[in-house]
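Dear colleague,

I am handing over the structure below, and I would be glad if you could look through it alongside the notes that follow.

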Amino acid sequence: MSILLIDFETTSVNTKEARVIEIGARLVTDDLQQTIGIPMSHLVYAPDYPAITPEVERVTGISEAMLKADGLEPMTAFKLLGNLVTPDLKYAIAYNSGYDQDVYKEEMYRHCLTLDANTNWLLTIPWLCGMGDIEKNYEFKSWRMAHVALEHGCTVCLKDLHRAINDVDLMWDMLKRSGTTPQDMYAFQQSPWVYAVAKVEKPWLDNGRSSDIAKANGFSFERARGDNSGRTFTKQWVIRLKQKNYDKLLTLPIQVEKVQI
């Protein structure tokens, strides 16, 4: 079984509008220890792309001049990505997989590549998230890739961040150091989420003690950390966690209540 590690650099954070300007991908063994074949690292460009903004160039280090000089036509680039697909490919892993998977889908539909067997296979297999599908990551205060990598003991070179293959390789190192496996990540991804609220006292009644306990144990005010649903819990401390971990909250010295969604 093989695993595809992948990252896209794009023109926008809006997945409906974003165009891929760089693809980095590496095929690895299912134990995450060995690379398979030659990794992919290509700039991507077409004349109908929007102008590269100063912000995109600042973050990625990729200029419009670079793209025009060295960028592959998108159809060519995505077919090269498809060449990394093997019959036993089980999962794709990206650091923020929801974004990368949505961008990939849009590009596939845009270029009618869903008819290509290899590129379409990437649409059908599960995508795992190097950010949200590793249970240990929920112990960390920041989910920025560099911060999570440092928490796992990786060496991080800040000037190399946000180039696609560099981010792929940093994620690969992080995955190996985390002690997780793709199978662990998939099991964690598939286990159900629940929400809970902490019943805290008004700050002036206990000098903020109960609020501090809630915050120290992963609760956040009104919006649950890691939740992209947009749910708001007005004037409440809330947490989103896996069902299997809920009972741990019952040992806290504050009252906790599961929320029915």
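At what angle do the axes of helix H4 and helix H5 cross? Before the answer, please keep in mind that this is a predicted model. The axes of H4, which covers residues 97-110, and of H5, which covers residues 117-124, cross at roughly 145° and come within 10 Å. The crossing is left-handed, and the residues that make the contact are Tyr104, Lys105 and Met108 on the H4 side, with Thr119, Leu122 and Leu123 on the H5 side. Sorted by class, this contact between H4 and H5 comprises four nonpolar residues, one polar residue and one charged residue.

Two residues of that contact, Tyr104 and Leu122, lead on to the interior. The largest nonpolar core has 36 residues, and those touching the most other members are Leu4, Phe8, Ile23, Phe78, Leu81, Tyr104 and Leu122. At least two residues of this core come from each of strand S1 (2-10), strand S2 (20-29), strand S3 (35-43), helix H3 (74-82), strand S4 (89-94), H4 and H5, and the largest share, five residues, is supplied by S2. If residues up to four places away in sequence are not counted, Leu4 touches Ala25, Arg26, Leu27, Leu81, Leu84, Leu89, Tyr91, Ala92, Ile93 and Leu122. Another core, of 28 residues, lies apart from the largest one, and includes Leu32, Leu161, Leu175 and Met185.

I also looked at an open sheet of four strands, which run in the order S7-S8-S6-S9 and pair in the antiparallel sense. Strand S7 (220-221) and strand S9 (255-259) each have a single partner strand and stand at the edges, so that one side of each has no neighbour in the sheet. The partnership of S9 with strand S6, residues 193-199, is antiparallel and extends over five bridges, and within S9 it is Lys258 that stands opposite Ala196.

As for the protein as a whole, there are 11 helices and nine strands, and the C-alpha atoms, taken along the principal axes, fill a box of roughly 65 × 40 × 35 Å. The protein has 261 residues, of which 48% count as buried. Among the contacts between residues at least 6 apart in sequence, 67% join residues that are at least 24 apart.

With best wishes

Note on methods: Residues are numbered from 1 along each chain as its sequence is written. This is a predicted model: local features need pLDDT of at least 70, side-chain atom pairs count only at pLDDT 80 or more; totals for chains, interfaces and linings use all residues. Side-chain values use heavy atoms; hydrogens and water are left out. Axes are lines fitted to C-alpha atoms, for helices over the stretch in contact, and angles run from 0 to 180 degrees between N-to-C directions. A crossing is left-handed if the near helix is turned anticlockwise from the far one by less than a right angle, and right-handed if clockwise. Contact means heavy atoms within 4.5 Å. Ala, Val, Leu, Ile, Met, Phe, Trp, Tyr, Cys and Pro count as nonpolar, Asp, Glu, Lys and Arg as charged, and the others, Gly among them, as polar. A nonpolar core is a set of buried Ala, Val, Leu, Ile, Met, Phe, Trp, Tyr and Cys residues joined through side-chain atoms within 4.5 Å. Buried means under 20% relative accessible area, exposed over 50%, partly exposed in between (1.4 Å probe, protein chains only). Two strands pair if DSSP finds at least two bridges between them.
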